[in-house]
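Trainee: I would like to learn how to read a structure of this kind, one feature at a time. Please show me the sequence and the structure before we start.

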Amino acid sequence: MGRPAAKTVDVRDMLCAQALAVVAQAMAPLPIGTWATIRYTTDDVKRDLVAWATERGYGVREAGLSVEIEKRS
């Protein structure tokens with residue numbers, strides 16, 4: 001594993017659209033190369049987070065009940 005995440009975002013108990021909006025807002029100001037840990041509770045939110053990050057060229061790794069996303073651009 002790399003360095004610890006610089007930001008943790010809790011989207012547990014949120015619907016997909018709300019979770020994506022919260023994550024997008026949290027990731028926007030982060031410097032390139034920063035990892036964020038996103039905590040979720042449902043598989044559909046996880047699936048949407050991974051798709052969202054992949055579409056943007058961000059790094060993604062799964063970590064239990066969270067997804068870690070690296071801002072790459």
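Trainee: Where in the chain is E62 found?

Mentor: Before the case itself, note that this is a predicted model. To place a residue, look up the element that holds its number. E62 lies in strand 3, which covers residues 59–62.

Trainee: Is E62 buried or exposed?

Mentor: Read the relative accessible area and compare it with the cut-off: over 50% is exposed. E62 has 53%, so E62 counts as exposed. A second reading is the distance to a residue elsewhere in the sequence. The C-alpha atoms of E62 and I38 lie 9.7 Å apart, with their positions 24 residues apart in sequence.

Trainee: How many helices and strands does the chain have, and in which order do they run?

Mentor: Count the elements, then follow them from the N terminus. The protein chain has 2 helices and 4 strands. Their order is β-α-β-α-β-β.

Trainee: What does the radius of gyration say about the fold?

Mentor: Compare the value with the one for a compact globule with this number of residues. For 73 residues that would be near 11 Å, and the protein chain has 11 Å, so the two agree. The C-alpha trace spans about 25 × 20 × 20 Å along its principal axes. As for contacts, take those with a separation of 6 or more: 67% of them join residues 24 or more positions apart.

Trainee: What share of the residues is buried, and how much area does the chain expose?

Mentor: Of the 73 residues, 38% count as buried. The exposed area is about 4400 Å², and carbon and sulfur atoms supply 52% of it. For charge, count the side chains of each sign and then compare the centres of the two sets. Here there are 10 positive and 9 negative side chains, with the centres 7 Å apart.

Trainee: Which residues touch the most other members of the largest nonpolar core?

Mentor: Start with the size of the core, then look for the members with the most partners. This core has 19 residues, and V11, V23, M27, I38, V45, W52 and I69 touch the most other members. Two or more residues come from each of helix 1 (16–27), strand 2 (35–39), helix 2 (43–55) and strand 4 (66–70). Helix 1 gives the largest share, 5 residues.

Trainee: Which residues does V45 touch?

Mentor: Leave out residues up to four places away in sequence, and the list for V45 is V11, M14, L15, C16, A19 and Y40. V45 can also be used as a reference point for Q18, a residue of helix 1. The C-alpha atoms of Q18 and V45 are 9.6 Å apart, and the two residues are 27 apart in sequence. Q18 has 44% relative accessibility, so Q18 counts as partly exposed.

Trainee: Where is V50, and what is V50 in contact with?

Mentor: V50 is in helix 2. Setting aside neighbours within four places in sequence, V50 is in contact with V60 and V67. V50 is partly exposed because its relative accessibility is 24%. For a distance reading, take I32: I32 and V50 are 18 residues apart along the chain, and their C-alpha atoms are separated by 18 Å.

Trainee: Which residues are in contact with K7?

Mentor: Apply the rule used for V50. With neighbours within four places left aside, K7 is in contact with A26, L30, W35, A36 and T37. K7 belongs to strand 1. Its relative accessibility is 34%, so K7 counts as partly exposed. The C-alpha atoms of K7 and T34 are separated by 8.3 Å, at 27 residues apart along the chain.

Trainee: What is the phi of D13?

Mentor: The general idea is that most residues other than glycine have a negative phi. D13 has a positive phi of about 65°, although it is not a glycine. D13 sits in the loop between strand 1 (7–10) and helix 1. At 72% relative accessibility, D13 counts as exposed.

Conventions
Residues are numbered from 1 along each chain as its sequence is written. This is a predicted model: local features need pLDDT of at least 70, side-chain atom pairs count only at pLDDT 80 or more; totals for chains, interfaces and linings use all residues. Side-chain values use heavy atoms; hydrogens and water are left out. A nonpolar core is a set of buried Ala, Val, Leu, Ile, Met, Phe, Trp, Tyr and Cys residues joined through side-chain atoms within 4.5 Å. Buried means under 20% relative accessible area, exposed over 50%, partly exposed in between (1.4 Å probe, protein chains only). Contact means heavy atoms within 4.5 Å. The radius of gyration is taken over C-alpha atoms; the globule rule is 2.2 Å times the number of residues to the power 0.38. Accessible areas come from the Shrake-Rupley method with a 1.4 Å probe; for residues, only the protein chains shown count as cover. Lys and Arg count as positive and Asp and Glu as negative; His and the chain ends are not counted. The place of a charge is taken as NZ of Lys, CZ of Arg, CG of Asp or CD of Glu.
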